[in-house]
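Hi,

Here's the structure I promised to pass on. Have a look at it first, and my notes come right after.

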Amino acid sequence: MTRLVAVSNRVTVPRRVTVAGGLAVGVLAAMKSRGGLWFGWSGETTDGQPGPPVLTNRQNVTFATIPLPAEDHEPYYGGFCNGSLWPLFHYFVGSMQYSDVHFAAYGRVNRLFAERLAPLLLDDDLVWVHDYHLIPLAAELRRMGLRQPLGFFLHIPFPHVEALRALPVHAEIVRDLVQYDLVGFQTARDLECFRSAVAEVLGPAALRPDGSIQSDGRRVRVGVFPIGVDVDEIQRESRLSLSSETVRRMCDGLLGRRCIIGVDRLDYSKGLVDRFLAYERYMETCPDSHNRVTFLQIAPLSRADLRTYAEIRRSLEQTAGRINGRFAETDWTPIRYLNRNYSHEVLMGFLRTAEVGVVTPMRDGMNLVAKEFIAAQDPENPGVLVLSTLAGAAEELSSALLVNPRDTRGVAEAIQRALAMPLEERRARHGEQLAVLRHNDIHAWHSRFIDALQACARPAIVAPPRLQANVR
Ligand code: ADQ
């Protein structure tokens, strides 16, 4: 079996500390089941250029990490990645900043990744690069003469070309993406947006009739690979953790009240302020809910040293404080808002306890919490998912209560409907959603991508067959 090499911006060698983030959850699952090498940033900075990667073995996975040069880290990570690409790709075009200095640091960090990764690569490795931080990595590796199959998966949405064009270097981004052999997206919409960007930048002739892309005489395959969750593992965890101390204390603290839950990294794209406003509206229109329902929002801090993230944190604290001040009673706090990380198991226990999961991002590549909520439920007495139409997960989970996250009245009504939904309807919806989750679980996600990438290694003279229905 050829070795899998995963590359992502940040690599956290598993310890007992849990990292909240969908990419880490997904890539770790792929690496654990298949083994291989996982390369990326250690989370530290250094003066000057870093030396060779530090290698750490954990079971069948070797973690290879490097620090980043202190002077490049901020313009690369806070600047181009999270000041330009993240807002733009989530359609916050007005919040996007752009600076040539940031873009140059983005290029330098990608070159550094290529230079430190290349000596670790074997001839028949499969290299799978993750997410928007590393779009130029394939071009850098190709410049160094590497010939291994290179795949890229975008965890976040790919924006429509009309939004993408707002970025001064959008053409470079598209040209760098077609240096990979395989480019994968979460949803069919993202893929269509990418194809229209390719037509705009490379010309319509770059789109081949079979759906693949022609670039400099090479064939670039593209596909849709919706990320999933480990359904059986989540069911096991959520059952077991009901008896854990932390989950028991949480349940005891509810004093028999019904629980609505939200779990998100603290990020402005997750729609948390509007979600709180929708819950406020629900309490306004349903006075019966007072002292009978509690909204538990778990939102671990992320990218906390970036200004936009400090702002959203402040505004959430103010909104939760105002709403609690308005409705709370001596023995009831309507919104419990926590900025903490929990182990995956405890989190799944919280999700199982809740009767309604509210997942209302303004945009999201997929949103694993929506899928985790469904998988964690008791199938005999399941809760109801209220889901934003702008999350990639909505493409698959069409039997959730679908809402527009800015429509506070619509979200409030969906919460009300979810809490009143009869058992039979809840079971029917949950059954449909669970079947989708099983079909597209985490194992299906990585094996489909890796099979498609493996096929890119075949000699060019063999006419490449269609590998799967969703790979062109
Ligand atoms: P994220 O934006 O991080 O992921 P999401 O898909 O919801 O969003 O994944 C978050 C993960 O972190 C979940 O597995 C969740 O359980 C975990 N988590 C959240 N809060 C936690 C807490 N307090 N403690 C511990 N764990 C916590 C990005 C994209 C998404 C895409 C994923 C995967 O933005 O659109 O779905 O990658 O591709």
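Below is what I found around the ligand and in one helix.

First, the ground rules: this is a predicted model, so to speak of local features pLDDT has to be at least 70, side-chain atom pairs count only at pLDDT 80 or more, and totals for chains, interfaces and linings use all residues. Numbering runs from 1 along each chain as its sequence is written, and side-chain values use heavy atoms, with hydrogens and water left out.

**The ligand**

The shell holds 26 residues, and His155, Arg340, Asp364, Leu368 and Glu372 come nearest (near means a heavy atom within 4 Å). Polar side-chain atoms sit 2.7 Å from a ligand oxygen for glutamate 372 and 3.0 Å for glutamine 186. Arginine 265 has a side-chain N or O atom 2.9 Å from an oxygen atom of the ligand. On its own the ligand has 720 Å² of accessible area, and the protein covers 97% of that (Shrake-Rupley, 1.4 Å probe). Helix H1 (22-34) and H13 are the elements giving two or more residues to the shell (helices are DSSP runs of H or I, at least four residues, numbered from the N terminus).

**Helix H13**

H13 spans residues 368-376, and 9 of the 9 are buried, so the helix is largely enclosed by the rest of the structure (buried is under 20% relative accessible area, 1.4 Å probe, protein chains only). Lys371 and Glu372 are among those buried residues. At the helix start, a side-chain oxygen of asparagine 367 comes within 3.0 Å of the backbone nitrogen of valine 369.

Cheers

Conventions
Buried means under 20% relative accessible area, exposed over 50%, partly exposed in between (1.4 Å probe, protein chains only). A polar contact is a pair of N or O atoms within 3.5 Å; within protein, one must be able to donate a hydrogen and the other to accept it, and residues adjacent in sequence count only if both atoms are side-chain atoms.
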